[in-house]
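The following exercises are to be worked with the sequence and the coordinates at hand. Each task is followed by a solution in steps.

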Amino acid sequence: MFNIKFEYRKKSNLIWTGAMAAAAVILEVMTGYPIWILFAFCGAFFVLACLEISLPEILSPFITAALFIAGAVVSTYEVQHLVIDTELFKETTKVVLRYNMLCCLVLYLIIFAITASARWSFMIANSFFVAFALTDFFVYQFRQNEFTFSDLFAAGTGISVANGYIPQFPPKMAYALMLTILLCTLAWKLKPVYRKKWKWIARLAAVAAAVLTVFYVGTKTENFETQTWEQKGSYQNGYVLNFMLGVRDTLFISEPDGYSETAVKNLEEEYQEKNTAEQQASYHTDVVDKSVKDPTVIVIMNESFADLSVVGDFQTNQEITPFLNSLTENTVRGYALSSVFGAKTPNSEWEFQTGNTMGFLPGGSVAYQQYIGKQPYSVVSTMKSLGYTTVGMHPYYATGWSRNRVYPKLGFDETHFIDDFDQTKTMRNYITDQELYDKIIERYENRSAGEKLYMLGVTMQNHGGYREYYSNFSSDCYALNAPYLNDVSQYLSLIHQSDEALKNLITYFQNVDDPVEIVFFGDHQPSLSNEFFAKLNGKGLSGLTMDELENLYSVPFFIWTNYDTAEKTVERTSLNYLSVLMMERGNFDLTPYDMFRADLYEQIPAMNSRGYYSKENGGFVHYSDAQGEEAEWLKKYRILQYNCMFDKKNRSSYFFPYFANDPGGWEKKD
């Protein structure tokens, strides 16, 4: 029987209205939305709260369908409204919006299949999508990139470093929350019910509808690419669909074009023929003192260390990195492309360690979280095979980016995390570069007789954010020809301190008798005020050409030795090549995979997650635009990387020998 009552005298309705009014006031204080909306919301909620609706049971399937369809539509628009502005929203096509609505509908159906309650399904699903969109909204503020599926693997790390960022609360956040409250209240008042014998039929129908919807959307979007730069995914694919594409690309990695066991064998044969003494010698022309053998190798990946002049010229009140700028003797230096900007440090670490590129992995991936198997070939395992003791140091939590799990798999004998450092030696909230370098020196001095050391140090001192004030740190560096911004000043001052610590590290190893090689690079550029980047490049972080975009991914690097090596400047390279340069300057024989990448470097000198530098075109291009010989080299690289990472059954033991740690010690496993 259809019946509607208005129970305005009911005490509980007044209490609920008062609670919602209080929540609306808090939202008004946070976001500053017009005050008339507060009264409109309270009035609308009171009306809905007072409604008592009875519906005929025969209408339950139709009410359920109407709730879910309406919920999917509203959820899609709420999400899009929250994550992008109106102008970008206009660029989302109607077809894409429909796919997003269908993605939203799937969640409504799944929850209904579990609960057999239409109103609970509506409230849970609608609330989830609003919370989901708000998560992306705040993550984008934090790092200028969308929240993706791979971020779920790094939630703990993200939370631990986000406390230095100050979020903004725009009125649209309040509107979405208030609309959700009103819709959930209306759904609660509608009570479509099913008799027990019909509930399982309804549940099975929901499951069938969800499966068909997933199949339809998956088929229609098979050729859609996950977008991860700025908010491109949100307006091109729609945020919900783009997130689901990220799930697809993370969990289902397909073979590259031309991949086969035969293709890998052909590359093996090619490099077996090349792997001669003469060919190995050709890779070591920069080593002047050929007598050097087995140097101590120290790798420093410095958090957020960058030379922002690559983005655009600016002057400062003092030289920011005077020591680094003076370093030329026995040094190769230049700029390398990172695959990340402002966050996702481990991807840079992974590119250096493995020699692989993020360019061949789905956008938004975090390699340490997703793609480290039981036998990850790396430069660590290579050094281990040469009899080195391998040491990994990071003065932060062991669980950050799962390093406590990843480092042993990579082959590190020793790992040192925050508890192994003097936690009184901090700058802002992070342990200093100098404390890490002192720990490296201490380990070097305590090495046993004849012990060969490979050490990786990943710093934390310069980690963002840069807007808070700290009693233990003062900013004394600032830009002269740009607006004074606290985050920029703090960042430049931190880098200045890093340079001083670097000077102390190099000075110490200049005076030791044993050969030492030090590799240094930044992991990514910092996330600073868009206003500052706009001053440097005239645009900020959006609307950039491919070449302008890659400037934001360029970081300084150098390889210094305390023995004779040629002075050299590299105009451009990328992090996936640095371990090859390390092996060359250390006078080590190159592995077959090193040899391949050394040859690849001659053809394609730099690449990252965004694209590669094309000598033929004289600029950066997307991988999909590669042609001719460049396309062939990239194809070979894709084949080898896929074989290394994903073809566990047929992985090449020639290119990727693995050295496994077992009770009997380290031994080669072919």
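**Exercise 1.** Which residues does alanine 306 touch, not counting residues up to four places away in sequence?

*Solution.* The model under study is a predicted one.
Step 1. Locate the residue: alanine 306 belongs to the loop between strand 3 (296-302) and helix 13 (322-326).
Step 2. List the contacts: with residues up to four places away in sequence left out, alanine 306 touches Tyr491, Ile495, His524, Gln525, Pro526 and Pro556.
Step 3. Consider the accessibility: the relative accessible area of alanine 306 is 8%. Because buried means under 20% relative accessible area, alanine 306 is classed as buried.
Step 4. Add a distance: the C-alpha atoms of alanine 306 and asparagine 472 are separated by 23 Å, and the two residues lie 166 residues apart along the chain.

**Exercise 2.** Determine the sign of phi for serine 304 and for arginine 428, and describe the setting of each residue.

*Solution.*
Step 1. Recall the general expectation: most residues other than glycine have a negative phi, and most peptide bonds are trans.
Step 2. Serine 304, although not a glycine, has a positive phi of about 60°. Serine 304 is found in the loop between strand 3 and helix 13 and is buried at 2% relative accessibility.
Step 3. Arginine 428 has a positive phi near 60° and is likewise a residue other than glycine. The loop between strand 7 (426-427) and strand 8 (430-431) holds arginine 428, which is buried at 3% relative accessibility.
Step 4. Turn to the peptide bonds: glycine 464 and glycine 465 are joined by a cis peptide bond, with omega about 5°. Glycine 465 lies in the loop between strand 9 (452-458) and helix 19 (486-510).

**Exercise 3.** How many residues of helix 14 (residues 345-354) are buried, and what phi does the residue that follows the helix have?

*Solution.*
Step 1. Count the buried positions: 10 of the 10 residues of helix 14 are buried, and the helix is mostly covered.
Step 2. Name some of them: the buried residues include Pro346, Trp350 and Phe352, as well as Glu349 and Glu351.
Step 3. Move past the helix: glycine 355 follows helix 14, and its phi is positive, near 75°.

**Exercise 4.** Describe the salt bridges, and state which parts of the chain they link.

*Solution.*
Step 1. Give the total: the structure holds 18 salt bridges.
Step 2. Lysine 274 pairs with aspartate 599, with the closest N and O atoms 3.2 Å apart. Lysine 274 lies in helix 11 (residues 261-274) and aspartate 599 in helix 23 (residues 592-603), so the salt bridge ties together parts that are 325 residues apart in sequence. Lysine 274 is partly exposed at 27%, whereas aspartate 599 is buried at 14%.
Step 3. Lysine 384 forms a salt bridge with aspartate 413, the closest N and O atoms being 2.5 Å apart. Lysine 384 is in helix 16 (residues 379-385) and aspartate 413 in the loop between helix 17 (403-410) and strand 6 (414-416), 29 residues apart. Here lysine 384 is buried, at 16%, and aspartate 413 is partly exposed, at 33%.
Step 4. Glutamate 435 forms a salt bridge with lysine 425, and their closest N and O atoms are 3.9 Å apart. The pair joins helix 18 (residues 433-445), which holds glutamate 435, to the loop between strand 6 and strand 7, which holds lysine 425. Glutamate 435 is buried at 8%, and lysine 425 is partly exposed at 39%.
Step 5. Complete the account with a network: salt bridges that share partners join Lys10, Glu52 and Lys189.

**Exercise 5.** Is lysine 189 buried or exposed, and which residues does it touch, not counting residues up to four places away in sequence?

*Solution.*
Step 1. Lysine 189 is in helix 8 (residues 171-189).
Step 2. Its relative accessibility is 12%, and lysine 189 therefore counts as buried.
Step 3. Lysine 189 touches Leu48, Ala49, Leu51, Glu52 and Ile53, with residues up to four places away in sequence not counted.
Step 4. A polar atom of the lysine 189 side chain lies 2.9 Å from the backbone oxygen of alanine 49.

Methods. Residues are numbered from 1 along each chain as its sequence is written. This is a predicted model: local features need pLDDT of at least 70, side-chain atom pairs count only at pLDDT 80 or more; totals for chains, interfaces and linings use all residues. Side-chain values use heavy atoms; hydrogens and water are left out. Helices (H or I, at least four residues) and strands (E, at least two) are DSSP runs, numbered from the N terminus. Buried means under 20% relative accessible area, exposed over 50%, partly exposed in between (1.4 Å probe, protein chains only). A polar contact is a pair of N or O atoms within 3.5 Å; within protein, one must be able to donate a hydrogen and the other to accept it, and residues adjacent in sequence count only if both atoms are side-chain atoms. Contact means heavy atoms within 4.5 Å. A salt bridge is a side-chain nitrogen of Lys or Arg within 4 Å of a carboxyl oxygen of Asp or Glu.
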